[in-house]
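Please find below a short note for a colleague beginning the study of protein structure. The points are numbered so that each may be checked in turn against the view.

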Amino acid sequence: MTSEQPADRPVPVRLREALAKVPAYSPGRPPAPVEGMTAYKISSNENPFPPLPSVVRAVADAAATMNRYPDMGVVALTQALAEHLGVPAGHLATGTGSVAVLAQLVQITCEPGDEVVYAWRSFEAYPIVVALSGATSVQVPLTADARHDLDAMAEAVTDRTRLVLVCTPNNPTGPAVTGDELRAFVAKVPRDVVVVIDEAYLEFTTEESVPDALAFYREHPNVVVLRTFSKAYGLAGLRVGYAVAQEEVATALRKAATPFGVTDLAQQAAIASLAARDELMVRVEQLVAERERVHAALVEQGWDVPAAQGNFVWLPLGEDAVPFAQACQARALTVRPFAGEGVRCSIGETEANDRLLGIAGEWLHSRE
């Protein structure tokens, strides 16, 4: 190519080859209006409750100084989390949602050619952040009941594995791993491989067998616990998540963080939410009760749905996933289809949940 190349033939810019392997993230669509019907969006696992007044006040107060940069160290929230969790402040790292902290984890552990092991299907961002790093995803199929196959995941670990991701409860299918399963799994993973326990939906779990992830982090230096304020705390629009890890890993995570990524609005909202946790957990209990109601109703209709431990239910529709989502859209209800696999339906307003049940029942009846 020369400087004399015609202007109508621009020289293509050079982009990383790894981008060709990066799948596009499919966000939950906004609810489509249907005349005479209230539209509901249950495709993004959002908390349907509005923010608490105390949290709104904290955000409004923080907005008065948004002409200033936020505290890059997120010191106030880090200290609040340290006290809440009973861990040293130096063992915490924050980011713009747990997905950003996940990306930081991949950045600090993986070089091109390294491997990241995780169950599939699981969180849609996993293959994206792995591919962007130049590393390779090793996807281990779920079991027939949509659960992690931790034995198979342990067998998939090689000398090139740098990171293993355990999403519990699993998004989008719903089941959680048990403490016994996780303990046996961690014992099989080499101690120089980082094991991430992704607990974005922790607060919605009700099974007594779920692991105490913080106990695992205390016992195993290679275990990292990943959490978010987006779901149970209802701060999805402000983007703040965090990791709990031993100091060496937490320090590296803070190095990889986007400078000033966590805004002061997000920090103050998270602090206020921690202070109002008891009030927020009442809402979580209501959502769990709705999830149980919806799950039981689907089973009664005849659906073969896996255990639900998040704030959503999974319909294993296979090739009917997209047609079912279209049927919902025609009734002003937006769900999240995974083509060829199934549909994830967030637990939303009671009216939205009832509409889902109506459509699901009609769907099954039409195929009898």
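1. Leaving aside neighbours within four places in sequence, H91 is in contact with Y217, A243, V244, A245, Q246, E247 and A250. The residue H91 belongs to the loop between α2 (75-85) and β2 (92-95). Because its relative accessible area is 12%, H91 counts as buried, the cut-off for that term being under 20%. The reader should bear in mind that this is a predicted model.

2. The UniProt record, in an unreviewed entry, lists residues 42-353 as "domain: Aminotransferase class I/classII large". Within this span, helix accounts for 40% and strand for 17%. The C-alpha atoms at the two ends of residues 42-353 are 9 Å apart.

3. Which residues have the most contacts inside the largest nonpolar core? They are F185, F229 and F324, in a core of 86 residues. Helix α10 (residues 277-301) gives the most to this core, contributing eight residues. Not counting residues up to four places away in sequence, F185 touches L150, M153, A154, V164, V166 and V195. Apart from the largest core lies another, of 27 residues, which includes V106, V116, L226 and V249.

4. Helix α1 (residues 53-63) shows how burial can be arranged along a helix. Its residues V55, A58, V59 and A62 are buried. Seen down the axis of α1, the buried residues fall within an arc of 95 degrees, and therefore they line one face of the helix. These buried residues pack against α9 (264-275). On the other side of α1, R57 and D61 are exposed.

5. Two cis peptide bonds merit inspection. One joins W120 and R121, with omega about 15 degrees; R121 is in the loop between β3 (115-120) and α4 (125-133). Another joins N171 and P172, with omega about 25 degrees. P172 is placed in the loop between β5 (161-167) and α6 (179-188).

6. Backbone angles deserve a check at two further places. F260, a residue other than glycine, has a positive phi, near 60 degrees, and is found in the loop between α8 (247-256) and α9. A332, also not a glycine, has a positive phi of about 60 degrees; its place is the loop between α11 (321-329) and β10 (333-334).

7. Are F260 and A332 buried or exposed? F260 is partly exposed, because its relative accessibility is 34%. A332, by contrast, has a relative accessible area of 0% and is therefore buried.

Notes:
Residues numbered from 1 in each chain as written. Predicted model: local features only at pLDDT ≥ 70, side-chain atom pairs only at ≥ 80, totals over all residues. Heavy atoms only, no water. UniProt positions renumbered as here; feature names shortened; annotations may be inferred. Helix = DSSP H or I, 4+ residues; strand = E, 2+ residues; numbered from the N terminus. Core = buried A, V, L, I, M, F, W, Y, C linked by side-chain atoms within 4.5 Å. Buried < 20%, exposed > 50% of the residue type's maximum accessible area, 1.4 Å probe, protein only. Contact = heavy atoms within 4.5 Å. Arc of directions from axis to C-beta.
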